[in-house]
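Reader: I'm new to this one. Could you take me through the labels and tell me what backs each of them up?

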Amino acid sequence: MENKNNVINKNSMFLINNNFNPYLNNNYKQQKRKQKVSTRIFVSCALCFLSLLFFFGGLYARMPLTWKNPFSQSLTIKSQNSKSIETNDDFNILQINDLHFSFLLSAPLCFTLAQLDTIIKQSKPNFIVLNGDIVWNLFNKAMLNFVAMYFESKQIPWTFVFGNHDEEFGVEKTKLVLVLNGLKYCKFDIGFSNLGGAGNHAVYVNDGLQDLKYVMYFFDSQQGTILPKQVEWFNWSQNKLNNPKNLVFMHHPLKQVKTAVRKNNFVGIVKEPVSNLLTDSQLFNSLKTLNTKGVFNGHDHANDVMFDLDNIHFHSCRGSSYSGYTRDGADRGATLISVTNTSVSSSTILFN
């Protein structure tokens, strides 16, 4: 009985102290909090360490992509050596804009990936385009490797263009692309060596009989510039391929977007000034005459501008990441582009 009474008394005191002694109760809670925090720190550090091993471990095991020979008008179209996708029917492209991924395992990155997981699952795209400003980090090569592995895991063909921030920290573009060689679903190509920037490339869309349906062109708009050589490459490719229908992707908007906003001739939202190309080398003149059906860009995170001009569908798309800025009234989202034999249209899928 004595032992039993002692146990009962001790338990009773413990309950009394918990219920009525604020100091003891708070002290106990503080100890529990410290234990939880220590556990979380340990788990986070372990995850970071394993992630870094995974990221950096794959960086130097691949050979870098090599430049094509310098572009010239005398080359045959085979020198472009473009990659392709196949589809028998109409096809959808999911464009993701301005990810600005900076820190591994950060809350903005994790929240963004959760949203993208849902959008990709629901929209079931045939192709995915990352339209610039993908990484913004001193370890940009490791971060791009992470992004590449994420999209490879979706088992959907994908590619990207560079934005103005991707090489702002860390290594330059020609070293960034080292992480992409040998990937199964990535259709990126570094392109001809003398066009300006890196990654000016084309992806062919073929039907089941290997007939060319569309060409998708991807321009590196660098710090806001399309050079004459890039326009010359586009003109050459279209002429060599007998002027197929095509779509154009670049990070910066053309000046036609700013004009449409100024004239209020658009559908969507504008929450910041349009930051269009500083130099476009008359690219729009070529697009009008060479069967372009759609032009798509990112860059202005808080704008979402759609309009048609000269039988071309334009969409300047909003940001797709919690790692990037936005403005009040401009929710983040991705862009779904629908392509048929007779039309090109697009819509915005907002984050939940």
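Author: Happy to; we'll go label by label, starting with a word on the model itself. It is a predicted model.

Reader: What does the secondary structure of the chain come to?

Author: The chain has eight helices and 13 strands. Of its 352 residues, 49% are buried.

Reader: Let's start with α3 and α4. Why are these two helices called roughly parallel?

Author: Their axes, for residues 107–123 in α3 and residues 140–152 in α4, cross at roughly 25 degrees. Angles under 35 degrees count as roughly parallel, and therefore α3 and α4 get that label. Their axes also come within 12 Å, and the crossing of α3 past α4 is right-handed.

Reader: Which residues make the contact?

Author: On the α3 side they are L109, L113, L116, D117 and I120. From α4 come M143, F146, Y150 and F151.

Reader: And what classes do the residues in the contact of α3 with α4 belong to?

Author: Eight are nonpolar, none is polar and one is charged. Asp counts as charged, and D117 is in the α3 part of the contact.

Reader: K141 is in α4 too. How do you know whether K141 is buried or exposed?

Author: Yes, K141 sits in helix α4. Buried means under 20% relative accessible area; K141 has 12%, so K141 is buried. K141 and L176 are 35 residues apart in sequence, yet their C-alpha atoms are 5.2 Å apart in space.

Reader: What share of contacts in the chain join residues at least 24 apart?

Author: Taking contacts between residues at least 6 apart in sequence, the share is 75%.

Reader: On to the open sheet. What makes β1 and β8 its edges?

Author: The sheet has eight strands in the order β1-β5-β6-β7-β9-β11-β10-β8, and its pairing is mixed. β1 (83–86) and β8 (267–270) each have a single partner strand, so one side of each has no neighbour in the sheet. On average, neighbouring strands here are turned by 20 degrees against each other, direction ignored.

Reader: How do you know that β5 and β6 pair?

Author: Two strands pair if there are at least two bridges between them. β5 (residues 201–206) and β6 (residues 212–218) have six, in the antiparallel sense. A202 stands opposite Y217 of β6.

Reader: Which helices lie across strands of this sheet?

Author: Helix α6 (residues 228–240) lies across β5, β6, β7 and β9, at about 170 degrees to β6. Helix α7 (residues 255–262) lies across β8, β9, β10 and β11, at about 95 degrees to β10.

Reader: What makes Q256 count as buried?

Author: Q256 belongs to helix α7. The cut-off for buried is under 20%, and Q256 has 12% relative accessibility, so Q256 counts as buried. Leaving aside neighbours within four places in sequence, Q256 is in contact with F284, F307, L309 and F314.

Reader: Now the loops. Why point out the phi of Q155?

Author: Most residues other than glycine have a negative phi. Q155 is not a glycine, yet its phi is positive, about 55 degrees. Q155 lies in the loop between α4 and β4. With a relative accessible area of 56%, set against exposed as over 50%, Q155 is exposed.

Reader: Where is Q282, and why is Q282 called partly exposed?

Author: Q282 is in the loop between β8 and α8. Partly exposed is the range between under 20% and over 50%; Q282 has 47%, so Q282 is partly exposed. Q282 also has a positive phi, near 60 degrees, and is a residue other than glycine.

Reader: Last one: what makes β12 mostly covered?

Author: Six of the seven residues in β12 (residues 333–339) are buried.

Reader: How many bridges join β12 to β2 and to β13?

Author: β2 (residues 91–96) pairs with β12 over five bridges, in the antiparallel sense, and Q95 has T335 as its bridge partner in β12. Seven bridges join β12 to β13 (residues 344–350), which also run antiparallel. G333 stands opposite L350 in β13. β12 and β13 form a hairpin, with four residues between them.

Note on methods. Residues numbered from 1 in each chain as written. Predicted model: local features only at pLDDT ≥ 70, side-chain atom pairs only at ≥ 80, totals over all residues. Heavy atoms only, no water. Axes fitted to C-alpha atoms, helices over the stretch in contact; angles between N-to-C directions. Parallel < 35°, antiparallel > 145°, perpendicular 65-115°, else oblique. Left-handed = near helix turned anticlockwise from the far one by under 90°. Contact = heavy atoms within 4.5 Å. Buried < 20%, exposed > 50% of the residue type's maximum accessible area, 1.4 Å probe, protein only.
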